Amino acid sequence: MVEEKNVIIIPAYEPDEKLLILIEELKSLGLVYIIVIDDGSGNEYQKIFKSAEDSGVYVFHHEKNMGKGQSIKTAISIMLKKIQDINGFITADSDNQHTAKDIMRVANKLNECPDNLILGIRDFTSKNVPWKSRNGNKFSSMYFKITTGVTCLDTQTGLRGIPVSMTELALGVPGERYEYEMNFLIAVAKNGLQIYNMP
């Protein structure tokens, strides 16, 4: 059983009902510490965020779109102040691309390996994976290996378990948008910290 002090971070820009479905599935699995960042989605999406908030999820609103990286930093900063004895943070996308069960698996692995950055690796052998995504990841993984000497099978995955011991690094890494995720990975590797590739 996963510890309750794993916080699920869901950056959201113009989400649909899939966000609410994901939240309910996470809660049914016992993952109750959830923060959704409304990254400047606009008035027409506030009904979705209100429903999320009504379900017991903490929702924070960026007045304008600030990017995924900044959303993750905002969420970490908020929850460190709100909750004591946090075990770690699991980042997930708002479009249900990551299933609640996969998020749970990452949370459990983070409990087992509390000093590792846990990466939920996508299955690139599936026919459903677009050619652009497959080749883009192949290139970025190669770049990561050359830059750091560390093997990372999926540098672009949004499903990550960040141990609380890495939060200072996570908050200090430059980048506000999608480049943040690669910057953080490189910083973890260059600081000699462990990365666990979880299929």
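A salt bridge is a side-chain nitrogen of Lys or Arg within 4 Å of a carboxyl oxygen of Asp or Glu. This tour of a predicted model begins with the whole chain and then turns to such pairs and to several single residues.

**The whole chain**

Display the chain as a cartoon and colour it by secondary structure. Seven helices and seven strands should appear. Following the sequence from its start, one meets them in the order β-α-β-α-β-α-β-α-β-α-β-α-α-β.

Next, show the C-alpha atoms alone. Along the principal axes they fill a box of roughly 45 × 40 × 30 Å. The radius of gyration of the chain is 16 Å, which agrees with the value near 16 Å that a compact globule of 199 residues would have.

Now switch on the surface. The accessible surface comes to about 10,000 Å², and carbon and sulfur atoms account for 52% of it. Of the 199 residues, 51% are buried. Contacts may be examined as well: among those between residues at least 6 apart in sequence, 73% join residues at least 24 apart.

Finally, colour the charged side chains. The chain holds 22 positive and 25 negative charges, and the mean positions of the two groups are 6 Å apart. The count of salt bridges comes to five; three of the pairs are visited below.

**First stop: a pair within one helix**

Select Lys50 and Asp54. Their side chains meet in a salt bridge, with N and O 3.0 Å apart. Both residues belong to helix 2 (residues 46–54), where they lie four residues apart, about one turn of the helix.

Is each partner buried or exposed? Lys50 counts as partly exposed because its relative accessibility is 45%. Asp54 has a relative accessible area of 56% and is therefore exposed.

**Second stop: a network around Lys68**

Select Lys68 and Asp93. The closest N and O atoms of this salt bridge are 3.0 Å apart. The pair links distant parts of the chain: Lys68 is in helix 3 (residues 68–82), whereas Asp93 is in the loop between strand 4 (88–91) and helix 4 (100–112), 25 residues apart.

Keep Lys68 selected and add Glu181. The side chains of Lys68 and Glu181 also meet in a salt bridge, at 3.0 Å from N to O. This pair, too, links distant parts of the chain, with Lys68 in helix 3 and Glu181 in helix 7 (residues 179–190), 113 residues apart.

With Lys68, Asp93 and Glu181 on screen together, one sees a network of salt bridges that links them. How accessible are these residues? Buried means under 20% relative accessible area. Lys68, at 13% relative accessibility, therefore counts as buried. Asp93 is at 15% and so counts as buried, and Glu181 is buried with a relative accessible area of 7%.

**Third stop: Asp95 and Pro15**

Select Asp95, which lies in the loop between strand 4 and helix 4. Its relative accessibility is 38%, so Asp95 counts as partly exposed. Now add Pro15 and examine the two C-alpha atoms. Asp95 and Pro15 are 80 residues apart along the chain, yet their C-alpha atoms are separated by 6.9 Å.

**Fourth stop: Glu25 and its contacts**

Select Glu25 in helix 1 (residues 17–28). At 34% relative accessibility, Glu25 counts as partly exposed. Which residues does Glu25 contact, leaving aside its neighbours within four places in sequence? They are Asn96 and Ala100. Then add Thr99: Glu25 and Thr99 are 74 residues apart in sequence and 8.5 Å apart in space, from C-alpha to C-alpha.

**Last stop: two positive phi angles**

Most residues other than glycine have a negative phi. The final two selections have positive values.

Select Glu14, in the loop between strand 1 (6–12) and helix 1. Phi of Glu14 is near 55°, a positive value in a residue other than glycine. Glu14 is partly exposed, with a relative accessible area of 34%.

Then select Asp85, in the loop between helix 3 and strand 4. Phi of Asp85 is near 60°, again a positive value in a residue other than glycine. Asp85 counts as exposed because its relative accessibility is 65%.

Terms used:
Residues are numbered from 1 along each chain as its sequence is written. This is a predicted model: local features need pLDDT of at least 70, side-chain atom pairs count only at pLDDT 80 or more; totals for chains, interfaces and linings use all residues. Side-chain values use heavy atoms; hydrogens and water are left out. Helices (H or I, at least four residues) and strands (E, at least two) are DSSP runs, numbered from the N terminus. The radius of gyration is taken over C-alpha atoms; the globule rule is 2.2 Å times the number of residues to the power 0.38. Buried means under 20% relative accessible area, exposed over 50%, partly exposed in between (1.4 Å probe, protein chains only). Contact means heavy atoms within 4.5 Å. Accessible areas come from the Shrake-Rupley method with a 1.4 Å probe; for residues, only the protein chains shown count as cover. Lys and Arg count as positive and Asp and Glu as negative; His and the chain ends are not counted. The place of a charge is taken as NZ of Lys, CZ of Arg, CG of Asp or CD of Glu.
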